[in-house]
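Here are a few notes to read alongside the coordinates. I have kept them to the ligand site and one helix pair.

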Amino acid sequence: MPVNKITNDLLTMKNLPDKTVERLSQYRRSLNNQLVKGKTHIFSHEIANLLHITPVQVRRDIMLIGYSGTLRKGYDIKEMVDLIGKIIDTEEGQKIAVIGMGNLGKAFIHYLQEKRSKLNIVAAFDINPEKINKTYAGVKCYHFDQLVEIVRSENISIGIITTPPEVVSQIADKLNEAGIKGILNFTPKPLSAREGIYLEEYDMITSLEKVAYFVKS
Ligand code: NAD
């Protein structure tokens with residue numbers, strides 16, 4: 001189905017499986033690399049090879065977003081990149097706050113600001129007086145006490161937690177009070193679910209242990 005025939009319902013789809021959304025993001029990055037190399041069309045098995053998954057999985061995901069290619073040429077890469085953008089991004093972009101401006105918080109801000117995506121970090125928070133009112137990659141660091149006020153006034157929808165694990169619950173409570181919609185928790189302490197908040201835990205150790213399991217003799 002050509003992109004322009006896909007209904008608005010599909011483009012604002014909210015109920016895609018988590019793993020599909022994760023792969024859509026990966027497809028977009030790989031497809032953008034292919035565009036840069038001058039490629040215009042791609043087959044499902046080629047995408048599968050790039051991401052080390054099966055062509056069946058790729059076709060299933062692409063069917064879920066209501067897109068299809070042609071037998072002869074495969075998928076139109078530019079159309080797919082645009083479609084994934086319409087599903088994942090919002091027109092005006094989304095605002096993000098980073099809480100905890102230590103090693104990881106600073107690295108994250110620098111990394112994401114360089115990407116210039118639709119995800120914009122607009123505020124950082126910490127409790128260390130040496131960091132308050134400083135600017136990191138163009139992002140101002142406020143005292144944690146100002147979190148509710150700034151999140152509301154800036155209409156920030158996502159919070160990234162890069163504090164020590166001991167305070168993660170306290171941070172999540174404040175983000176909840178401020179009306180945040182999504183949290184990405186980088187601390188090793190998992191958060192309990194909070195109604196109305198999409199929660200993603202990122203645990204580096206789990207990823208590393210997975211690799212260790214598959215390479216052990
Ligand atoms: P860090 O000690 O360098 O930074 C933590 C920052 O949080 C500090 O600036 C501190 O002042 C601030 N902070 C403390 N309490 C706070 C509060 N109540 N409100 C706001 N800010 C507060 O630590 P780091 O190395 O950046 O790691 C941050 C978190 O990410 C830890 O939970 C760590 O386990 C996890 N993590 C770190 C890495 C890494 O590579 N550094 C990797 C994976 C996970």
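A residue is taken as near a molecule if one of its heavy atoms lies within 4 Å of it. Please also keep in mind that this is a predicted model.

1. Who lines the ligand? With that cut-off, the ligand is surrounded by 22 residues, and the closest are N103, L104, D126, K131 and T163. By class, this shell holds 12 nonpolar, 8 polar and 2 charged residues.

2. Two helices are worth displaying with the ligand: α6 (103-115) and α8 (168-178) each supply at least two residues of its shell.

3. For the polar contacts, you may like to look at oxygen atoms of the ligand. One such oxygen lies 2.7 Å from an N or O atom in the side chain of K131. On the backbone side, a polar atom of T163 is 2.7 Å from a ligand oxygen, and a polar backbone atom of G102 is 3.5 Å from a ligand oxygen. As for burial, the ligand has 830 Å² of accessible area on its own, and the protein covers 73% of that.

4. Away from the ligand notes, how do α2 and α3 pack? Helix α2 (residues 18-36) meets helix α3 (residues 44-51) at an angle of about 105°, and their axes are 10 Å apart. Because angles of 65 to 115 degrees count as roughly perpendicular, α2 is roughly perpendicular to α3.

5. On the α2 side, that contact uses Q26, Y27, S30, L31 and Q34, while α3 brings I47, L50 and L51. These contact residues divide into 5 nonpolar and 3 polar, with no charged ones.

Definitions and conventions
Residues numbered from 1 in each chain as written. Predicted model: local features only at pLDDT ≥ 70, side-chain atom pairs only at ≥ 80, totals over all residues. Heavy atoms only, no water. Axes fitted to C-alpha atoms, helices over the stretch in contact; angles between N-to-C directions. Helix = DSSP H or I, 4+ residues; strand = E, 2+ residues; numbered from the N terminus. Parallel < 35°, antiparallel > 145°, perpendicular 65-115°, else oblique. Contact = heavy atoms within 4.5 Å. Nonpolar A, V, L, I, M, F, W, Y, C, P; charged D, E, K, R; others polar. Polar contact = N/O pair within 3.5 Å; in protein donor to acceptor, adjacent residues only side chain to side chain. Areas by Shrake-Rupley, 256 points an atom, 1.4 Å probe, with all protein chains shown as cover.
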